[in-house]
Amino acid sequence: MIPIYSKIIEVIEETPSTRTFLFDVEFSDALPGQFAMVWVHGVDEVPMGISYKNGVTVQKVGDATSRMFELSEGDFMGLRGPFGNGFTLPSPNEKILIIAGGVGSAPLAPLAEEAKNIGADVDIFLGSRCRDELLFRDRFNKTGNLLIATDDGSEGKCGFVTDLLLDVDLGEYHRIHVCGPEIMMYRVFRILQDKNIHENAEFSMHRYFKCGIGVCGACCMDKLGLRVCRDGPVFNGKLLEDSEFGQYARGPTGGKYKF
Amino acid sequence: MNNMKVAGVNLKNPVILASGIMGTTGASLSRMAQSGAGGIVTKSIGPRPKKGHKNPSMVKLDFGYLNAMGLPNPSYSEFSEELRIAVEKSDVPVIASIFGGNAEEFVEVAEGLMGESPAAFELNVSCPHAEGYGASIGVDSCLVEAITAAVCHVVDVPVWVKLTPNVTDIVSVGQAAVDAGASAIVAINTVRGMAIDIYSGYPVLGNRFGGLSGDAIRPIAVKCVYDLYAALDVPIIGVGGISKWEDAIEMIMAGASAVEVGSAVYESINVLGDIARGIDTFLEDAGYSSVEEIVGLTHRRI
């Protein structure tokens, strides 16, 4: 499938560093945690977590996202997806914990909403640098019990979102869903692994994507050779044991860089 | 299936992973070995780190796939470790695909990877969308001959040469490679192609054009393999549009001693093993004793 020519119908400034782009096409069958390949014509195509049935939420990090931030309602982009495997949906009455850091809220807000619709009990730990950067705070507030941590203490607990984990019994959750910067996710992973409950957790991984459809191998993680674009991006913690997770990743050349 | 020796390489079965597919890391390659491949070819490795083209770099069309990765690779010095892991963790031969802009660069890369003991080298003189590399060289028989001879001179394992179909006469290029010492000819690389998004007017690939693979090019590949088999005295490795065992049998009957499979991994990560088992069943049901018995069979049906 070639990218679908899609019109931007609304641009929402979510926080000072993130914007949501809503389109006139819908990923109606997208599951929470799946991603879209978003093509900025003439610039680049990059993977983005689907944050609304018809939208993605973006932080300005590279050429494509910088150009995206210059686009507005009525402009066009190319969309492909939904791709990859999303989060496991809960059963009614199950209790889940969502741990979101920064723009990692993007795929987790739809999960929280879907989980609530199903009838699950949802707790959310949301972290960011400061109060203004708390992404999808209102969406999370409407779906469950929200706890906040900020690096500068301007809202909620002062510290990292992982600090919130110290005060709760993590064993009471049927499943824990995590998305955020790799170092933050890895800290969560280690905490859960120490309690031997990392099998109850799912992590949404980021790697450099080339083909995006599971063929080229650019996004493969050591040591199992798992394709983040196709076998993931959401992985059970069990699969991430003894992996490159939290240690290193590969860039566009395939060369490694350390976290 | 019994092991088989093709062009100096002991394959576990005749279905080899093509270059550029799941070939970036040692782990991804050994995963493909475990999934049933008879041999695996690495991503093409060059002398210096290269980021490749901007995305979109691969799109699925109704009749095949269009891609322009742009030879992304970390250079031989950094890839050595991945190759070592691939060789250590795979129970099938690992063939190192290499590229360069001239004979000196090919030699530099081959010598740089030799220490990791690849079972063979596959020279990429056929990538259709990397300026100064690949098919820019592979359209010139003299360059192909010089590069092949130079690499053969410095390595002590078989050298396979992968050809582009974007030439007037693929046989003369293949002959040049064989004259220079190639142990096998691999045919074909992707066919130059382009797709345009008519709503935006932009070409779909970041590189504007690229190479076509998949179903659409199988008849092109079959004809190239058929012609190469008729003219050359070395084994031909058939590649292009193989996604099922029937396709592989067709390629073998055209003259391929083994086949490579690439884009079909999109359909299933286990597709190579599935094809190998399908070949076995076909041979058994049809009463053939080995793959060798049907290599080039069609040339004898006159």
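This text goes through a pocket, the enclosed cavities and a surface patch of a predicted model.

The second largest pocket has a volume of about 680 Å³. Its lining is made up of 43 residues, and the closest to the pocket centre are Ile21(B), Asn67(B), Thr190(B), Ser213(B) and Ser263(B). Four elements of chain B each give two or more residues to this lining: β5 (58–61), β6 (64–67), β8 (120–124) and β14 (256–261). Sorted by class, the lining of the second largest pocket holds 17 nonpolar, 18 polar and eight charged residues.

Closed spaces are a separate matter. Rolling a probe the size of a water molecule over the atoms shows where empty space is left. With a lower limit of 30 Å³, the count is two cavities. The largest cavity has a volume of about 110 Å³. Of the 16 residues that line the largest cavity, Ala218(A), Pro252(A), Thr24(B), Lys43(B) and Pro72(B) lie nearest its centre, and residues of both chain A and chain B appear in that list. The lining of the largest cavity divides into eight nonpolar, six polar and two charged residues.

The second largest cavity has a volume of about 30 Å³. Its lining consists of Met221(A), Asp222(A), Lys223(A), Leu224(A), Leu226(A), Leu239(A), Leu240(A) and Ser243(A). By class, five of these are nonpolar, one is polar and two are charged.

On the surface, chain B carries a nonpolar patch formed by Met194(B), Ile196(B), Ile198(B), Tyr199(B) and Phe209(B). Together these residues have about 560 Å² of accessible area. One of them, Met194(B), sits in the loop between β11 (191–193) and β12 (210–213) of chain B.

Notes
Residues numbered from 1 in each chain as written. Chains lettered and ligands numbered in written order. Predicted model: local features only at pLDDT ≥ 70, side-chain atom pairs only at ≥ 80, totals over all residues. Heavy atoms only, no water. 1 Å grid on protein atoms, 1.4 Å probe; cavity = no way out; pocket = protein on both sides within 12 Å on 5 of 7 lines; lining within 4 Å. Points joined across faces, edges and corners; volume = space filled by probe spheres on them. Nonpolar A, V, L, I, M, F, W, Y, C, P; charged D, E, K, R; others polar. Patch = residues over 30% accessible without salt bridge, like charges linked within 9 Å, V, L, I, M, F, W, Y side chains within 5 Å. Areas by Shrake-Rupley, 256 points an atom, 1.4 Å probe, with all protein chains shown as cover. Salt bridge = Lys/Arg side-chain N within 4 Å of Asp/Glu carboxyl O.
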